[in-house]
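Student: I am new to this structure and should like a close look at a single part of it. Could you please take me through the aromatic rings of chain B?

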Amino acid sequence: MEKILEVKGILKIYPNGVIANKDVSVDIEKNTIHAIVGENGAGKTTLMKVIFGITQPQEGEVFYKGEKINLKSPHDAIEIGIGMVHQHLMLAPDLTTAENMVLGIEPLRGKIFLNIDKAFEVTKKVSQDYGFDIPIDKKIKDLPIGIRQRVEILKALFRNAELLILDEPTTFLTPQEIDVLFNTLKDLKNHGKTIIFISHKLKEVKQIADRITVMSDAKIVTTKEASELTEHDIAYLMVGRDISFERISPPEKMGKPLLSVQNISYINDENVKLLNNVSFDIRESEILGLAGVEGNGQSELIKIITGLLKASEGNIYIKGESIKGLSPRVIREMGIAHIPEDRMGYGVADKTSLEENFIVDRYYKSPFSKIFRLIWKYITNHSRKLIEQFKILTLSSKTTVSSLSGGNIQKVVVARELSSEHEILIAAQPTRGIDVGSEEHVHNLLKNTRDAGKAIFLISADLDEILKLSTRIIVIYNGEIVAEFTDVPKISGKYLGPYMLGVKKQEAAVG
Amino acid sequence: MDKFILKYFNLIRTIIAVAIGITISVFIIYVMSETPGLTLRTFLLGPFLSKSRVANIIESASPVIFCGLAIAVAFQAEQFNIGAEGALFIGATVGTAFAVSTHLPIFIHIPLTLLVAGIVGACWSFIPGILKAKWEASELISSLMLNYVAYFLGLYLINYHFRDKGAGYLVSYKLPETAWLNQFIGGTRIHWGIILSLTFAFLVYYFLYHTTLGYEIRTTGFNLRFAKFGGINVFKIIILSQVISGFIAGLGGMTEVMGIHRRFNWQLSPGYGWDGIVVAIIGRNHPLLIIVASLFLSYLSIGGQVLNLLTDIPSEIIVVIQSIIILLITAEAFLSQWKYRITVREAAKKEVAYEPTS
Ligand SMILES: Nc1ncnc2c1ncn2[C@@H]1O[C@H](COP(=O)(O)OP(=O)(O)OP(=O)(O)O)[C@@H](O)[C@H]1O
Ligand SMILES: [Mg+2]
């Protein structure tokens with residue numbers, strides 16, 4: 001087999017002293033889909049950044065098509081035919097989709113000005129070619145994260161790279177979009193392209209990869225043909241123990257409703273109805289799963305429940321009390337905790353320490369502060385406990401969040417919310433981007449939370465997660481609840497699909 | 001050694017930036033001056049050569065410290081309110097008006113006058129604050145514009161209503177002695193306002209890093225959406241951070257009037273607010289570093305003045321140094337490679353992949 005990329009003996013140490021890659025060597029064969037898996041913080045993204053020229057290693061060499069390369073910037077990488085989709089999306093927030101699409105290779109009018117019509121045209125064409133629907137003239141910052149990820153993928157595909165690196169490209173995609181993407185990737189492979197693919201979803205890895213490299217603790221554990229490994233094997237190689245993918249047992253008994261959503265409708269600034277008469281209850285010791293293709297009103301629903309957005313109609317009750325007009329703070333105090341879907345946007349302030357991130361919902365309470373004085377000693381201890389309990393990989397509790405790996409940032413959010421005093425947990429994509437080992441850990445925590453008599457509203461793009469955890473499932477399509485399933489053990493993902501796509505609808509589906 | 005460098009990297013970086021700035025100006029002086037040796041000595045050592053000049057450094061640092069703190073509080077909340085100059089001016093004019101038209105015992109007159117100036121400054125900065133919070137109007141622009149409004153409004157107040165016609169030039173009436181801040185070191189004009197500015201620096205430091213409101217301000221600055229999500233009332237914080245900023249600037253302006261001239265005599269806007277921006281940047285919005293930065297800036301400008309008096313070099317040279325230093329300090333990349341190499345050396349020495357803290 002011909003090798004398109006050879007990486008030899010990479011040592012990468014970050015400015016803060018973290019060794020992220022150590023003696024990393026791997027060969028990527030031409031015309032294959034090569035998956036890289038590993039725990040959060042194992043160094044996958046770092047390795048990709050080295051290959052793509054974003055960061056330079058202290059030691060080691062990279063050969064591309066047999067020639068030694070020395071990339072100084074991503075620009076150099078693009079030049080020689082390497083493309084990359086980043087884990088934390090790298091689009092210009094103030095530019096439109098089309099402008100981002102042609103960034104750096106703009107079609108010009110009169111040699112100076114951007115030919116915007118042409119940009120629109122190519123964007124539209126690319127989006128049709130690859131079957132990803134995106135609005136072409138909206139600013140990136142106004143788009144939900146799922147769509148931003150589509151744009152980023154299209155942007156990389158559009159550049160027609162020989163070697164395409166995809167760092168967790170599916171985290172924000174729906175199952176249907178993932179299928180579309182995988183078909184595209186297989187297609188590219190058939191046309192002689194090579195793909196490096198990173199994901200924490202082992203099912204996806206098995207489904208698409210020809211070869212698999214497992215990383216752990218900054219080093220390569222092994223590289224094998226995908227056919228030699230099962231999902232369980234991979235998980236075992238990654239975390240060194242067996243991982244359970246079984247559904248959790250249903251709760252012994254459920255209590256009274258804690259959260260009651262009644263006839264919520266929401267019409268946005270552009271007069272589009274994004275939620276239409278949504279109603280449901282969640283009871284003590286119940287996990288209600290919300291299945292649906294992303295962008296069908298879930299984000300708005302979550303924001304309305306947590307007080308970040310005002311409903312146009314309807315009302316929400318927490319333990320029988322209306323939350324109309326109440327601030328996010330008061331709503332939290334009534335017993336809501338919230339793992340947000342957009343972790344970098346809402347979940348953390350990444351320019352400051354873990355400590356300051358852990359206290360955002362509790363700094364004003366005793367013993368975190370007395371009267372108006374912050375008790376740093378207590379806060380530091382508290383943070384250290386959370387870091388230990390949630391196995392967050394960090395130098396210290398004073399480390400800046402932005403220097404953590406993606407999955408570890410997610411753990412910071414989960415740790416804070418699960419440790420807050422709450423009776424209702426809104427968990428939006430709680431395990432997005434975290435490795436199988438930690439995912440199991442979070443799932444167990446959710447189960448414990450449930451068994452402690454709390455109500456959980458689980459919103460996830462990952463159907464397996466919904467099916468694994470939920471006591472009851474509702475399906476949202478186009479802002480409406482279109483189906484409800486109480487007998488979860490009997491149903492499968494395939495069964496939910498038509499409802500999620502709006503092909504099928506239960507009459508009187510309101511719970 | 002490496003460990004030491006890493007620990008104090010930012011400080012060392014600042015010192016190197018300062019050194020480079022001074023080196024370049026030394027070079028310029030050499031090229032331009034007929035008597036480079038003398039000029040250099042005057043410039044670098046001149047400010048230390050007499051008691052009154054050293055005192056001068058300290059005196060003129062005081063209002064800059066106030067303004068630096070004012071700017072830092074707003075900047076920490078990511079509110080680019082650069083209205084310290086206006087708040088200072090309007091605070092000082094109204095404060096003066098208040099002081100000359102009241103008769104009170106000293107222990108009430110002083111604090112009350114300061115309070116009035118502070119509150120007027122606060123009200124002034126409330127305007128860009130509310131415009132931003134309610135209508136998302138850029139506080140940068142509105143505070144800039146308001147600086148001019150404050151200037152003309154303040155002058156009007158002094159020149160038309162509180163002008164001392166006997167003085168022969170455009171100044172306000174003299175403040176009653178009950179509103180004077182005592183100059184307590186003989187032969188200098190060092191007054192209680194300086195002690196007050198240092199006290200304020202410590203207070204603001206404590207406020208920002210050790211109180212809940214300070215946390216709210218900084219968190220809003222780090223990520224507004226995160227702050228909202230966590231339940232912080234960002235509407236309040238956007239306004240409050242600017243109001244506090246205006247309060248400090250207004251009060252700072254008044255100490256200058258009460259401590260040095262004992263009457264309002266600024267016919268031009270004094271520029272402390274602009275220097276405040278400079279020291280906030282050099283001090284990276286940290287109250288304690290702002291003290292150092294203000295003293296340094298003040299040293300430079302006294303050096304410039306001495307230069308002007310005694311040599312053939314214009315005082316504008318200090319603007320050159322200032323600009324170079326600011327450029328170097330704000331350029332994130334400056335010396336980062338150096339730091340990086342040291343870190344790598346340290347990490348390689350340890351040779352252990354790090355472990356989570358326990
Ligand atoms: N910019 C940075 N500065 C300092 N340390 C960093 C930086 N980026 C990553 N690290 C550290 O390097 C290690 C490897 O991070 P990396 O992002 O490569 O992990 P990853 O395998 O991609 O993890 P994940 O699955 O969570 O995305 C982590 O411990 C992380 O804390
Ligand atoms: Mg990563």
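Tutor: A suitable starting point is Tyr299(B), which is buried because its relative accessibility is 14%, under the 20% limit for that class. Please keep in mind that the model is predicted. Tyr299(B) belongs to helix α13 (residues 287-310) of chain B, and its partner Phe48(B) belongs to the loop between α3 (36-45) and α4 (51-76) of chain B; the pair therefore ties together parts that are 251 residues apart in sequence. Phe48(B), with a relative accessible area of 48%, is partly exposed, whereas Tyr299(B) is buried.

How are the two rings arranged? A pair of aromatic rings is described by the distance of the centres and the angle of the planes. For Phe48(B) and Tyr299(B), the centres are 5.3 Å apart and the planes stand at 15°, so this pair is stacked; the limit for stacking is an angle under 30 degrees.

A second pair in chain B is formed by Trp266(B) and Tyr272(B). Their ring centres lie 6.1 Å apart and their planes meet at 70°, so the arrangement is edge-to-face, a class that requires over 60 degrees. Trp266(B) and Tyr272(B) are both buried. These two residues also belong to one aromatic cluster, together with Phe89(B), Tyr151(B), Phe152(B) and Phe264(B).

To place these rings in their wider setting, the structure holds 21 aromatic pairs over all chains. Among them are the stacked pair of Phe48(B) and Tyr299(B) and the edge-to-face pair of Trp266(B) and Tyr272(B).

Technical notes: Residues numbered from 1 in each chain as written. Chains lettered and ligands numbered in written order. Predicted model: local features only at pLDDT ≥ 70, side-chain atom pairs only at ≥ 80, totals over all residues. Heavy atoms only, no water. Phe/Tyr/Trp six-rings, centres within 6.5 Å; stacked < 30°, edge-to-face > 60°. Helix = DSSP H or I, 4+ residues; strand = E, 2+ residues; numbered from the N terminus. Buried < 20%, exposed > 50% of the residue type's maximum accessible area, 1.4 Å probe, protein only.
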